[in-house]
Amino acid sequence: MRRLVLLLVVVTALGLGVWAFLPRPVDVEPGEIALRTIDAAIEEEGVARIREVFTISASMGGKLNRISLHAGDDVRANETVVARIGPAAPALLDARQRAVAEAAAAAAEASVQLAHALLAQAEASLGFKSAEADRSHLLYQKSAISKRQLDSVILEQKTAFAALDSARANLAVRERELESARAMLSSDETGGVERCCVELVAPVSGKVLRVLTEDEQVVLPGTPIIEIGDPANMEVVVDILSRDAVRVREGSDALITGWGGAPITARVERVEPSAVTRVSALGIDEQRVEVILALTGDDKDRRLLGHGFRVIARIITWRGEDVLSIPVGALFREGSDWATFVLRDGRARLQTLQIGERNDAFAQVLSGLERGDKVILHPGDRIGDGIAVRPAGVAD
């Protein structure tokens with residue numbers, strides 16, 4: 001009896017040892033092959049911008065008055081005065097320039113005096129010639145002189161008239177030269193309101209985006225002063241890789257996120273026909289293409305979206321409904337093919353397949369699997385072909 005009990009104990013211990021070392025099914029997370037709607041998309045960073053930004057520049061050189069407008073102020077087309085430009089103060093003269101100007105002024109004064117003298121000489125000559133002409137008329141009436149002598153005297157009188165007009169014009173020129181020379185020596189000390197100002201008005205209605213030149217200063221023609229745009233006329237520009245740009249079509253749907261507000265719907269308005277070279281964060285040269293997105297969502301959703309804001313744009317390149325699909329987490333590479341582990345009769349079976357379009361969650365199944373098949377998500381190193389498995393959470 002004792003031996004029988006001992007034998008039972010030994011057999012039980014051996015059975016428990018064998019049971020303990022028997023391979024147990026590996027817990028796995030199952031996924032299902034089913035019909036789903038799949039959107040393939042390209043996601044890149046972009047920038048929101050106002051479609052038409054107007055930069056108002058100085059139309060003439062002069063003294064710019066201080067700008068009273070600030071960023072965010074409303075402006076109306078052809079009504080709001082955004083800037084005023086008046087004449088600038090004359091340049092200061094150094095010692096040499098002042099000496100030259102003083103000499104020029106003195107010469108101008110002498111020229112005026114000379115012009116006065118020439119005018120007096122011309123007036124005296126005219127008086128003499130006029131008296132000669134009067135006497136010649138009386139003598140000619142008495143037949144004391146010939147017709148030729150009378151004509152000669154009249155010609156001299158007309159020449160004296162012309163000389164008088166020339167002397168007067170010469171005096172006026174010399175007086176203007178004197179004024180010009182004196183103006184070079186004097187500064188503008190009127191102290192009154194500037195007589196002329198050029199007013200620059202807003203070309204469009206909208207808001208002030210930036211004031212580029214705010215303080216009062218002397219500006220040159222073409223100096224940028226202020227930027228104006230209409231926030232309601234907003235678009236998004238996205239730089240995408242050239243190999244992705246060939247998949248984007250005009251009119252494709254897009255979604256704008258990552259700007260701090262609610263997602264905004266958009267559509268592709270234009271794909272630029274040329275690419276530019278950009279250096280990535282890793283120092284790699286990339287060919288990038290600009291894609292312009294027109295915002296189509298409700299205006300209330302984007303009223304806080306501003307010019308130059310960073311956004312995330314998700315552009316839909318392909319969409320399929322009721323597509324046989326597999327979770328991306330179940331896929332892995334088997335050589336050059338895509339493969340997955342299928343749950344069949346409690347074991348994992350290696351299955352190769354062909355996939356089409358895909359996104360971050362699902363991939364289109366072209367062949368190799370059927371609807372309703374169960375696959376293993378995120379298979380680890382313990383999973384192999386023929387390994388016993390069981391769905392996580394199912395008891396032995």
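This briefing describes selected features of the structure shown above, grouped by topic. The model is a predicted one, and the mean pLDDT of its protein chain is 85, with 91% of the residues reaching 70 or more. Over residues 188-193, however, the pLDDT is below 50, and beyond near neighbours in sequence this stretch has one contact in the model. Where pLDDT is low, the predicted coordinates should not be read in detail.

**An open sheet of four strands**

- Four strands form an open sheet in the order β7-β6-β4-β9, and the pairing between them is antiparallel.
- The edges of this sheet are taken by β7, which covers residues 198-201, and by β9, which covers residues 217-219, and each of these two strands pairs on one side only.
- On average, and with direction ignored, neighbouring strands of the sheet are turned by 35 degrees against each other.
- Strand β4, made up of residues 62-64, runs antiparallel to β9 and is joined to β9 by three bridges, and within this pairing Lys63 of the one strand stands opposite Val218 of the other.

**Pairings of strand β8**

- Strand β8, which spans residues 206-211, runs antiparallel to strand β5 at residues 74-75, and two bridges join these strands; here the bridge partner of Asp74 is Lys207 in β8.
- Strand β8 is also joined by four bridges to strand β10, which covers residues 224-229 and runs antiparallel to β8, and in this pairing Arg210 stands opposite Glu227 in β10.

**Aromatic rings**

- The count of aromatic pairs comes to one, and the rings involved belong to Phe332 and Phe341, whose centres are 5.2 Å apart.
- The planes of these two rings stand at 35 degrees, and because planes count as stacked under 30 degrees and as edge-to-face over 60 degrees, the pair of Phe332 and Phe341 is described as tilted.
- Phe332 and Phe341 are both buried.
- A charged residue is found over another ring, since Arg333 lies over the face of Trp338 at 4.1 Å from the ring centre.

**Ser242 and its surroundings**

- Ser242 belongs to helix α4, which comprises residues 242-245, and this serine is partly exposed, because its relative accessible area of 32% falls between the 20% under which a residue is buried and the 50% over which a residue is exposed.
- Although Ser242 and Ala275 are 33 residues apart along the chain, their C-alpha atoms are separated by 6.9 Å.
- When its neighbours within four places in sequence are left aside, Ser242 is in contact with Gln287 and Val289.

**Two loop residues with positive phi**

- Asp345 has a phi near 55 degrees, which is a positive value in a residue other than glycine, and the place of Asp345 is in the loop between β17, at residues 337-344, and β18, at residues 347-358.
- The relative accessible area of Asp345 is 83%, and so this residue is exposed.
- His378 likewise has a positive phi, near 50 degrees, and is a residue other than glycine; His378 is found in the loop that lies between β20, at residues 374-377, and β21, at residues 389-391.
- With a relative accessible area of 58%, His378 is exposed, because a residue counts as exposed over 50%.

Methods: Residues numbered from 1 in each chain as written. Predicted model: local features only at pLDDT ≥ 70, side-chain atom pairs only at ≥ 80, totals over all residues. Heavy atoms only, no water. pLDDT = per-residue confidence, 0-100. Contact = heavy atoms within 4.5 Å. Pairing = 2+ DSSP bridges. Axes fitted to C-alpha atoms, helices over the stretch in contact; angles between N-to-C directions. Phe/Tyr/Trp six-rings, centres within 6.5 Å; stacked < 30°, edge-to-face > 60°. Buried < 20%, exposed > 50% of the residue type's maximum accessible area, 1.4 Å probe, protein only. Lys NZ or Arg CZ within 6 Å of the ring centre and 35° of its normal.
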